[in-house]
Amino acid sequence: NSCSDDSAKDPSDVYDSIEQETNDMISIWSEYFSQVEKKEKEKDDCRDDEKFRKVYMDMITEAFADELDDLRQGRVESKKVKGKKDSIQDNEVLRQHNVIM
């Protein structure tokens, strides 16, 4: 008797089972991609642009301050700026000691 056979299933039960498996897979993939995204964000946090910017700006500011000090002290020969009458060294602003670096 094929009607009492356990291998025959109701189509709605099969559909419900497939739907449950699909939802489980969607949930698993969502969790996986969430973890991947979290790890990528952690990598980005390690490469914090703000920290890099601060270090870079500090280095550039210090280098500029050193060059300016050398110009003020006469330790570096300045070159004439093309189209300018005076050299950078002759500029009064550079010799002022109230310039804050």
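Here is a short chat about how the labels on this predicted model are earned.

User: What makes the cut before a feature gets discussed here?

Analyst: Since the model is predicted, local features need pLDDT of at least 70 and side-chain atom pairs count only at pLDDT 80 or more, while totals for chains, interfaces and linings use all residues. Residues are numbered from 1 along each chain as its sequence is written, and side-chain values use heavy atoms, with hydrogens and water left out.

User: How confident is the predictor, and which helices have the lowest and highest mean pLDDT?

Analyst: pLDDT is the predictor's confidence in each residue, from 0 to 100. The chain's mean is 76, with 62% of its residues at 70 or more. Helix α3 (residues 92-95) has the lowest mean among the elements, 58, and helix α1 (residues 11-46) has the highest, 89.

User: What makes a run of residues a helix or a strand?

Analyst: Both are DSSP runs numbered from the N terminus: H or I over at least four residues for a helix, E over at least two for a strand. The chain comes to 3 helices and 0 strands, so the pattern reads α-α-α.

User: How do you know that the span of helix α2 agrees with its residue count?

Analyst: The expected span is 1.5 Å times one less than the number of residues. For the 25 residues of α2 (residues 49-73) that gives 36 Å, and the end C-alpha atoms are 36 Å apart, so the two agree. Just after α2, glycine 74 takes a positive phi of about 75°.

User: Why is the lysine 54 and aspartate 58 pair called a salt bridge?

Analyst: The term needs a side-chain nitrogen of Lys or Arg within 4 Å of a carboxyl oxygen of Asp or Glu. Here the closest N and O atoms are 3.0 Å apart, so the pair qualifies. The structure holds 1 salt bridge. Its partners sit 4 residues apart in helix α2, which means about one helical turn between them.

User: Are those two partners buried or exposed?

Analyst: Buried means under 20% relative accessible area, exposed over 50%, partly exposed in between (1.4 Å probe, protein chains only). Lysine 54, at 54%, is therefore exposed, whereas aspartate 58, at 43%, is partly exposed.

User: Why does valine 36 count as partly exposed?

Analyst: Valine 36, found in helix α1, has 33% relative accessibility, so it counts as partly exposed. Across the chain, buried residues make up 4% of the 101 residues.
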